[in-house]
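Reader: Mind walking me through this one? I'd like to talk confidence, helix packing and internal voids.

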Amino acid sequence: MSRWDFVGRTDELNRLLSAVGGPEGRGLLFSGSAGVGKSRLLREGVATLPTDRYAIWSVSASATTAALPFGGLVQVLPGEQPPGLSPAGVLRWAVDVLQEEAAGRPIVLAIDDAHLLDPPSAALVHLIARAENATVIGTLRNGEQIPLPIRALWTDDLVELVELGPLGPADTTGLLAAILDAPVDAGSAERLFRLSAGNPLLLRELVLAAVGGGELTRTYGIWQWTGRLELAPSLTDLIDVRIGQLTPGVRSVVELVAFGEPLGLQLLEQAVDPADVETAEERGLISLVRDDRRLDVRLAHPLYGEVMRRQCPVSRTRRLQATLAELLEQVGKRRRDDLLRVAVWRLDSGTAQDPALLLDAAAQAFGRYDVPLATRLARAALEADGGFDAAELLATILMFGDRPDEAIRVLDAVAGEIRSDGRRSRWLTVRGMVSYWGLSHESTVEEIAARAEELTDPTDRARMRAFEAIMRLHRMDTPAALRLAQAVLDRPASSVAARELARCTIAHLHAAQGRYRRSTTAIARVQAEAARWRGDMPYLQLAMELARGTRLTLSGDLAGIDAIVADEFADLAGAGDFRLGTGYLAILRAYAARLRGQSDEALKTSLDACAVLATSRVYAGLAHAERAQAAALRGDPAHAAEAMAEADRTHSPGMAVLYPWLEQARSAVYAAGGDLAGATKHLCALADRLREDGLAGHEVLVLFDLVRLDQAAAPVGPTCTDGGRRTVAQRLADLSERVDGALPPLLARYARAAVEDSPAELLAVADDFAARDLVVFAAEAAALALHRLGRRRAASTAAARDRLAALLGRCDQISTPALRLLQPALTDREWEVARLAADGATSPAIADRLYLSTRTVENHLQRVYSKLGVAGRTELRAALRSMPGHDGGNSG
Ligand SMILES: Nc1ncnc2c1ncn2[C@@H]1O[C@H](COP(=O)(O)OP(=O)(O)OP(=O)(O)O)[C@@H](O)[C@H]1O
Ligand SMILES: [Mg+2]
């Protein structure tokens, strides 16, 4: 990882290049903090300048050269100076030398770290900048002394001074991928972005340290960071330099903020001298941010905190944390998270004696989906004799930290403390959850059902029933699931959490059945009650997301998916390592990208999901199935087959409710491998199974997959009373009246148009798909229209072709059976000739290039025209552009 590609900075590069080539002849200096990327930007800019047009000199000043007269420009000036010249004479001589060497070309002088130029060099640079035909470009580091002649460059308007800011999140992610030579999962990228604050140098050091310490690892080709940080000496040195020497008073300020940020200014000033706070702010170590009505103090850079905390001896750390806890307890805990902060300081300073405080704090951390912190606090609560309640909470959190075995041990250790039915019901549900989802023990359902019978209190029973209901749904025992969930809803004694969990179960089932309106209403209810269930069952959010995600995916509501992946929960889950949440949302993102034809993003995001979900079995099969779909869409059968095998290996039988997605993916894998008959057969059987299971929402999509394979007229389902069977198109028409939403009628229209051979209607359908951002389906509809138009050389053919080309232009590389329909069997030679002709080459030119006779070229072209159904060269380009993977340019 010694050298990596340059990332982002397009605007800055353009600015630099137009400064050199521009008419006003003004140069440009980038200023910025250490490591922000000034030198690299300058180097990249200079490298793109043509050396035959410009006389370019690049120099970098440094502390060593600063000590010597003309040291900064040794690379520019001849070794020997003519003797006996006055200082002014030397400068004139130097300018003349450069002009001579430039031989009439404009001069470009690029100076890295211009603040380090020695005085004569600085004066010379100023003089050069004044010359008609010269431009000075360069960099300056913020906070350094700048020689006067250099400062005069912008006060005299000879250069423009531009502040170079940190990289944004997207460019940081790009830089990470460039440094590591492979993508980084979204959560890790986000955390590294925050820690480095977009500073490339710090990012590089962080990554090197993490790789060196084994804290960055690769799963399914995606880098993931454990979140642990090994501060390598190079990194600490870097930051030490930035922090500089501190007086004891200022050090206290920075240390308290490092352990306590964000810290109210008032609170901080009770513990330290306000003058020291001021100094720390002036020196750029801390910054004040307004939050509501109060002023909060934070460190100016997140890495300062890392370094300060690590360099602080243990005893001092503990004292600081105890001080912070006392301070906050004295002024009274005001904010929602004050309790959590006090608990963490007490815990870390070894002064936590109150199990109730720790337990409250653990529940609060879990309520924010911060799994590592919640685990730590709950464990401490248990160790501080928190007893049964602490064990219950810790076990629950361990389950979501993918440590089911440990969770069971924790629960079994307190089995002797179950002294009431209330406890028994809680203990059994948590243990059931760990056993069912964490350990994939399917028999849990029966155990839970039997044990619930032993309870007499209706509230306790309802809790058990709510869990049994969702387990039964997940293993596809849907009638029983529905019955149980409904019973929980009907019982006034049910707790809010039990009731809303039951509602999620029903909402999920309704979504799979295509009853989207009812599902939406139910989810809205669950969400409205969130404040009342979150404390008791934060993980209920997962059941809600799964129900909602099922509806959004089945109804093709991509905007809805965008909205939930942008929601607060996604951020919390990502930051708190709540993997089931993050992983499921990544699957949804991949799905939306796939339907939009963004196959790169679909593949990348589904890989992300696989990596995040690698240690759990709940959604792992689904993640790999989505990856198989993405690979199939890209026309990569080997990858698709590998992903499908992984889906089968990791899929948990306890998550049988997800089978439609896996089986749909399997047919896509068959089709990608060229086995269209196998894909068709599989989809027909799947449609039958879904019909029997009553999952009409899924059935619609599966029937539609058959239409996409040009099987709209194929028979499906049982033999009817009239002795015949319905076709795919007919069944879709039936279902479109039963399944909610606007998508099913659109799919039914598509099927009918395919059967009735109506290109105009197919194009209309394509437009409707495109309006919903369902770009792949739109392209396929347009491709089918074009195919049906066949060789009719009508104006409509040209229009359809344009439409298809525009749709494919919105996609990354995609290849589906419907799109491949269009691929006429051109030979390699014919492709070659066709592409050159489409690019405007004449027949003799093509002949020359390919070592053929002009006559042969003409023959090839005639065959191409007739295969593509075009009249001549003018139409050829559009025809090639509307072929996936053959845009007439460099691909294919
Ligand atoms: N846009 C970028 N793409 C790829 N790598 C970058 C980019 N910007 C900076 N880097 C890398 O980050 C590191 C720090 O960048 P650079 O040396 O340019 O910082 P600087 O601003 O010149 O710092 P200093 O003030 O210390 O001179 C280098 O390894 C550089 O290659
Ligand atoms: Mg530099």
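Author: Sure, with one definition up front: helices (H or I, at least four residues) and strands (E, at least two) are DSSP runs, numbered from the N terminus. This is a predicted model, where local features need pLDDT of at least 70 and side-chain atom pairs count only at pLDDT 80 or more, while totals for chains, interfaces and linings use all residues. Residues are numbered from 1 along each chain as its sequence is written, and side-chain values use heavy atoms, with hydrogens and water left out.

Reader: What pLDDT does the protein average?

Author: pLDDT is the predictor's confidence in each residue, from 0 to 100. Here 98% of the residues score at least 70, and the average is 89.

Reader: Which residues have a pLDDT below 50?

Author: There's a stretch that has twelve contacts (heavy atoms within 4.5 Å) beyond near neighbours in sequence. The stretch with pLDDT below 50 is residues 887–892.

Reader: How are α43 and α45 oriented?

Author: Helix α43 (residues 828–838) packs on helix α45 (residues 854–868) with axes 9 Å apart, at an angle of about 90°. Axes are lines fitted to C-alpha atoms, for helices over the stretch in contact, and angles run from 0 to 180 degrees between N-to-C directions. Angles under 35 degrees count as roughly parallel, over 145 as roughly antiparallel, 65 to 115 as roughly perpendicular and the rest as oblique. So α43 is, relative to α45, roughly perpendicular.

Reader: How much space lies in the largest cavity?

Author: On a 1 Å grid over the protein atoms alone, a cavity is a set of points where a 1.4 Å probe fits but cannot get out; lining residues have an atom within 4 Å of a point. Grid points are joined across faces, edges and corners, and a volume is the space filled by probe spheres set on the points. There are three cavities of 30 Å³ or more, and the largest holds about 580 Å³.

Reader: Which residues lie nearest the centre of the largest cavity?

Author: Helices that each supply at least two lining residues include α30 (579–595), α32 (620–633) and α36 (696–708). Of the 43 lining residues, the ones nearest the centre are Arg594, Gln629, Gln664, Asp705 and Arg708.

Reader: And which element gives the most to the lining of the second largest cavity?

Author: That cavity has about 210 Å³ of space and 16 lining residues, with Trp437 and His474 among those nearest its centre. With four residues, the top contributor is α27.

Terms used:
Chains are lettered from A and ligands numbered from 1 in the order in which they are written. On a 1 Å grid over the protein atoms alone, a cavity is a set of points where a 1.4 Å probe fits but cannot get out, and a pocket is an open set with protein on both sides within 12 Å along at least five of seven lines; lining residues have an atom within 4 Å of a point.
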